[in-house]
Amino acid sequence: MLQTTSLPIRTECPPGTCVCERESLLNDPGGDMRVLLLTRMEEKKLIARIENISSYADLLHMAERIQAQLGIVLQIAPGTREVRTVRGLTIELLERRGLCKKIRQTIPAAIRKCLDRNPEIVYAILDAHDLLGDR
């Protein structure tokens with residue numbers, strides 16, 4: 001006989017503060033519930049891990065792990081205008097049901113904090129997008 005273990009899921013946001021559609025995701029039997037596994041405690045651990053990233057390869061690995069484990073797609077690219085600071089980069093999480101508005105803000109903020117401390121990662125991002133490629 002198989003035993004099912006219930007994993008803790010993220011608690012719902014106060015009414016009117018979020019548009020994550022958590023309830024519709026919970027009611028969908030075929031819905032991808034992985035994003036709900038990011039509880040507030042796990043979110044704090046993830047933010048701490050992101051803030052301690054020290055290389056571009058580590059950042060890419062973290063983005064892959066976030067997508068594999070939570071189904072959250074992270075995109076980091078130079079903005080449409082000139083990139084003079086970290087604020088010129090576009091850091092966003094693609095829309096998906098169950099992704100809390102708070103998470104959409106805290107993960108990019110943690111990445112910006114990491115990039116502020118490690119400008120070599122910013123240069124690697126720019127180089128990956130051919131802005132500082134071979135001359």
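Arginine 34 is partly exposed, with 31% relative accessible area. Its side chain meets that of aspartate 32 in a salt bridge, 2.8 Å from N to O. Aspartate 32 is likewise partly exposed, at 28% relative accessibility. The model in which this pair occurs is a predicted one.

**Overall make-up**

The protein has 135 residues, of which 36% are buried. Its secondary structure consists of five helices and two strands, and from the N terminus the order of these elements is α-α-α-β-β-α-α. Of the contacts between residues at least 6 apart in sequence, 60% join residues at least 24 apart. The accessible surface is about 8,900 Å², and carbon and sulfur atoms account for 53% of that area.

**Salt bridges**

The structure contains 10 salt bridges. The table lists some of them.

| Acidic residue | Basic residue | N to O distance |
|---|---|---|
| Glutamate 43 | Arginine 10 | 2.8 Å |
| Aspartate 32 | Arginine 34 | 2.8 Å |
| Glutamate 51 | Lysine 113 | 3.7 Å |

In the bridge between glutamate 43 and arginine 10, the closest N and O atoms are 2.8 Å apart. Glutamate 43 belongs to helix H2 (residues 40-51) and arginine 10 to the segment before helix H1 (22-27), so this pair ties together parts that lie 33 residues apart in sequence. Glutamate 43 has a relative accessible area of 3% and is buried, because the limit for that class is under 20%. Arginine 10 also counts as buried, at 3% relative accessibility.

Glutamate 51 and lysine 113 form a salt bridge through their side chains, with an N to O distance of 3.7 Å. Because glutamate 51 is in helix H2 and lysine 113 is in helix H4 (residues 101-117), the bridge ties together parts that are 62 residues apart in sequence. Lysine 113 is partly exposed, with a relative accessible area of 44%. Elsewhere, salt bridges with shared partners join Arg10, Glu43 and Lys102 into one network.

**The two strands**

Strand E1 (residues 74-78) and strand E2 run antiparallel and are joined by five bridges. In a regular strand, side chains alternate between the two faces of the sheet. Strand E2 (residues 89-93) follows this alternation: Leu89, Ile91 and Leu93 are buried and point to one face, whereas Thr90 and Glu92 point to the other and are not buried. Strand E1 has a covered face made of Leu74, Ile76 and Pro78, and an uncovered face made of Gln75 and Ala77.

Residues that stand opposite one another can be named across the pairing. Glutamine 75 faces glutamate 92 in E2. Glutamine 75 is on the uncovered face of E1, and glutamate 92 is one of the E2 residues that are not buried. Proline 78 stands opposite leucine 89 in E2. Proline 78 is on the covered face of E1, and leucine 89 is among the buried residues of E2.

**Helix H4**

Helix H4 has 17 residues, which at 1.5 Å a residue should span 24 Å; the C-alpha atoms at its ends are 25 Å apart, in agreement with that value. Its buried residues are Ile103, Arg104, Ile107, Pro108, Ala110, Ile111, Arg112, Cys114 and Leu115. These buried residues pack against H2, E1, E2 and helix H5 (119-128). Helix H2 is thus a packing partner of H4 as well as the element that holds glutamate 51, the salt-bridge partner of lysine 113 in H4.

**Helix H3**

Aspartate 58 is located in helix H3 (residues 56-70). Aspartate 58 is buried, with a relative accessible area of 17%. Leaving aside residues up to four places away in sequence, aspartate 58 touches Arg49 and Ile53.

**A nonpolar surface patch**

Leu7, Ile9, Leu26 and Leu37 make a nonpolar surface patch of about 310 Å². One of these residues, leucine 26, lies in helix H1. Leucine 26 is partly exposed, with a relative accessible area of 32%.

Methods: Residues numbered from 1 in each chain as written. Predicted model: local features only at pLDDT ≥ 70, side-chain atom pairs only at ≥ 80, totals over all residues. Heavy atoms only, no water. Buried < 20%, exposed > 50% of the residue type's maximum accessible area, 1.4 Å probe, protein only. Helix = DSSP H or I, 4+ residues; strand = E, 2+ residues; numbered from the N terminus. Pairing = 2+ DSSP bridges. Contact = heavy atoms within 4.5 Å. Areas by Shrake-Rupley, 256 points an atom, 1.4 Å probe, with all protein chains shown as cover. Salt bridge = Lys/Arg side-chain N within 4 Å of Asp/Glu carboxyl O. Expected span 1.5 Å × (residues − 1). Patch = residues over 30% accessible without salt bridge, like charges linked within 9 Å, V, L, I, M, F, W, Y side chains within 5 Å.
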